[in-house]
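Could you walk me through this structure in the viewer, one selection at a time? I would like to know what to click on and what I will find there.

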Amino acid sequence: MSTAIRWFWFASPQTFLPLAGAIARWCALGAALLAAAGLYVGFFVAPTDAQQGEVYRIIFIHVPAAWMSMFLYLVMALWAAVGLAFNTRLSHMMARAIAPTGALFTFIALWTGSLWGKPTWGTYWVWDARLTSELILLFLYLGFMALQASIEDPRRSDRAGALLAIVGAVNVPIIYYSVQWWNTLHQGASVSLTRAPSMAAAMLTGMLLMALAFWLYSIAVTLVRVRCIILERQ
Amino acid sequence: MLDVARCIVYRDLLLALRRLSDVGTALLFFVVVASLFPLGVGAEPDLLRAIGPGVIWVAALLSSLLSLGRLFSADHGDGTLEQMLLGAAPLPVVAAAKGLAHWLVAGLPLVLIAPLLALQYDLAAGLYGVLALSLLLGTPVLSLLGAIGAALTLGLRGGGVLLALLVLPLYVPVLILGAGSVDMAAAGLAPDGQLLVLGALAVLAAVFAPWAIAAALRISLE
C-alpha cells in the first residue's frame, strides 16, 4: 500500500517539477561528458573502415539517432497509454514533451543517413525498407504534434494526441513489415544497410557511448520541456 | 444492438441518397485524379500498365480521405452525435455502423468503377478482378482507420488538412498490399498472399477500430 502511494507521489506536477529539474541537470551533464567521450573515440580512436573509409564515422551519430527515434515513439505511446488509463496529467505532459525530441532524432537519422548514402551508395535517397519506414515514422511524429498543436483545450489535446500515438504504435510494426515486403517485392535498390560482419571494438564502444549520450540528452531535454509545460499550465 | 446499427446505416444511406452530389463528387474526384496521371507522365502503354495499379490505389486513398470530413461533421453540427453518445446503444456499435455506412457510400462505388479506370491504363483483363477484389478488401480499412482520424479532428480549424496528415501515413500498409497484389498478378504470380493479408487487416480494423473511434468521439465531445 505504501509503495503504491510512493509510486504516485511524483505523478503530481507540483512535486515533479523540482525533481525533473534536478534529473535534467545531471542528465545534461552526463550527456555532454558521454558525447565528448563518444566523439573522441569515434574520431580519434576508432580505426578507418576498410571498405568505406572515413565516411563510415557518421554512424556514431546516425545509428544512435535511429535507435532513439524508434524507441522514443514507443516511450511516447507508453506515456500516452498510461495517461489514458490512469488519467494522470503528468503522463500526457511527458508524451507531449517527448514528441519533438523523437521527431528531431528521426530527422537526424534521415539526414545523416542521406549524407552517408551519397558517397557510399551514390545517391542521397533510396526507397530502402528502413529508410521508408523511418520517413513514415517522421510523418507520424509530425501528425501527433500537429494534432496536439491544433487543439486549444489542453485536456482534449492531450487525450486526442494520446489516442493517436497508441493507434500509431499499433500500426508501426504493420507499416514496417509491409514496407519491407514491398521493397523485397520490387527489388529496386540492391544496397542494404546490413553492415560488415565484424565491427572493431572501438567502433562499438564509440557507438554505445554516443547512444548513452543520446539517451541522457533525450531525458534531459524532455524533462526541461515538461517543466515548461507544467509552468505554462499552472 | 444490431437494430441500432441497421438504423444508423439505413439513415446514413438515406441521407447520402438525398444528397447524391456529395457521393458523386468523391467518385468524380477518383476518376479525375486517375485520369490526370497519363497527362502528367505521358501515355506510353507500357508505362501506364506499370503505374496503373499504384495510381488507381492512390486515387482511391485520396478519394476516401476527401469524404471522411463529412463522416461526423453534419451529425456533430446538429447535435445528433451527442444524442448517439448519450443513447443506450454502445458507442462502438454506433461507430462501426457509421464506418460501414461511409464505406457503402464512399468505398463501394470506387470498387465498382475501378475496372473502368483499369481499362484506361490498359491493364490486362485478368487483372480487373484482382484490382476490384483488393479494393473491396482494402477500402473498408481506409474507412475505419479514417473514421478514427475524423473523430479526433472533429470541429477543429483546418481539420481537413490535419486529417490528411494524420491518416495518410496509417494508410501505407493498405496501399502497399493493395497495389502490390495487382502488380503480383500482373507479373503472373498468385496475388493470394497480399489479398489474404489485406483481408486480415480488414478483420483487425473491423474488430479494433470501432473502439478507437468511440474513444476518439468521447474525447472530442466531452
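Here is a short tour of a predicted model, with a few stops in each chain.

**Stop 1: confidence in chain A.** Colour chain A by pLDDT. Its mean is 84, and 90% of the residues reach 70 or more. Now select residues 187-192 of chain A, where the pLDDT is below 50; this stretch still has seven contacts in the model beyond near neighbours in sequence. Where pLDDT is low, predicted coordinates should not be read in detail.

**Stop 2: where the chains meet.** Show both chains together. On one side 22 residues of chain A take part, in contact with 20 residues of chain B. Which elements of chain A give two or more residues to this side? Select helix 5 (129-150) and helix 6 (154-186) of chain A to see them. Helix 6 of chain A gives the most, with 13 residues. Colour the side of chain A that touches chain B by residue class, and you will find 16 nonpolar, four polar and two charged residues.

**Stop 3: helix 1 of chain B.** Select residues 2-18 of chain B. These 17 residues should span 24 Å at 1.5 Å a residue, and the end C-alpha atoms are indeed 24 Å apart, so the two values agree. Next, pick out B:Ile8, B:Val9 and B:Asp12, the buried residues of this helix. Look down the axis of helix 1 of chain B: the buried residues fall within an arc of 95 degrees, so they line one face. An α-helix has 3.6 residues a turn, so residues three or four places apart point the same way. What do the buried residues of helix 1 of chain B pack against? Bring up helix 5 of chain B, and you have their partner. Then turn to the face directed away from the buried side, which carries exposed residues, among them B:Asp3, B:Arg6, B:Tyr10 and B:Leu14.

**Stop 4: two loop residues with positive phi.** Most residues other than glycine have a negative phi. Select A:Asn87, in the loop between helix 3 (59-86) and helix 4 (89-121) of chain A. Its phi is positive, about 60 degrees, although A:Asn87 is not a glycine. Is A:Asn87 buried or exposed? Only 11 other C-beta atoms lie within 10 Å, so A:Asn87 is exposed.

Finish at B:Asp122, in the loop between helix 5 (91-120) and helix 6 (125-152) of chain B. Here too phi is positive, near 60 degrees, in a residue other than glycine. B:Asp122 has 13 C-beta neighbours inside 10 Å and therefore counts as partly exposed.

How values were computed:
Residues are numbered from 1 along each chain as its sequence is written. Chains are lettered from A and ligands numbered from 1 in the order in which they are written. This is a predicted model: local features need pLDDT of at least 70, side-chain atom pairs count only at pLDDT 80 or more; totals for chains, interfaces and linings use all residues. Two residues are in contact if their C-beta atoms, placed from the backbone, lie within 7 Å. Helices (H or I, at least four residues) and strands (E, at least two) are DSSP runs, numbered from the N terminus. Ala, Val, Leu, Ile, Met, Phe, Trp, Tyr, Cys and Pro count as nonpolar, Asp, Glu, Lys and Arg as charged, and the others, Gly among them, as polar. A residue is buried if 20 or more other C-beta atoms lie within 10 Å of its own, exposed if 12 or fewer, and partly exposed in between; C-beta atoms are placed from the backbone. The expected span of a helix is 1.5 Å times one less than its number of residues. The arc is that of the directions from the helix axis to the C-beta atoms. pLDDT is the predictor's confidence in each residue, from 0 to 100.
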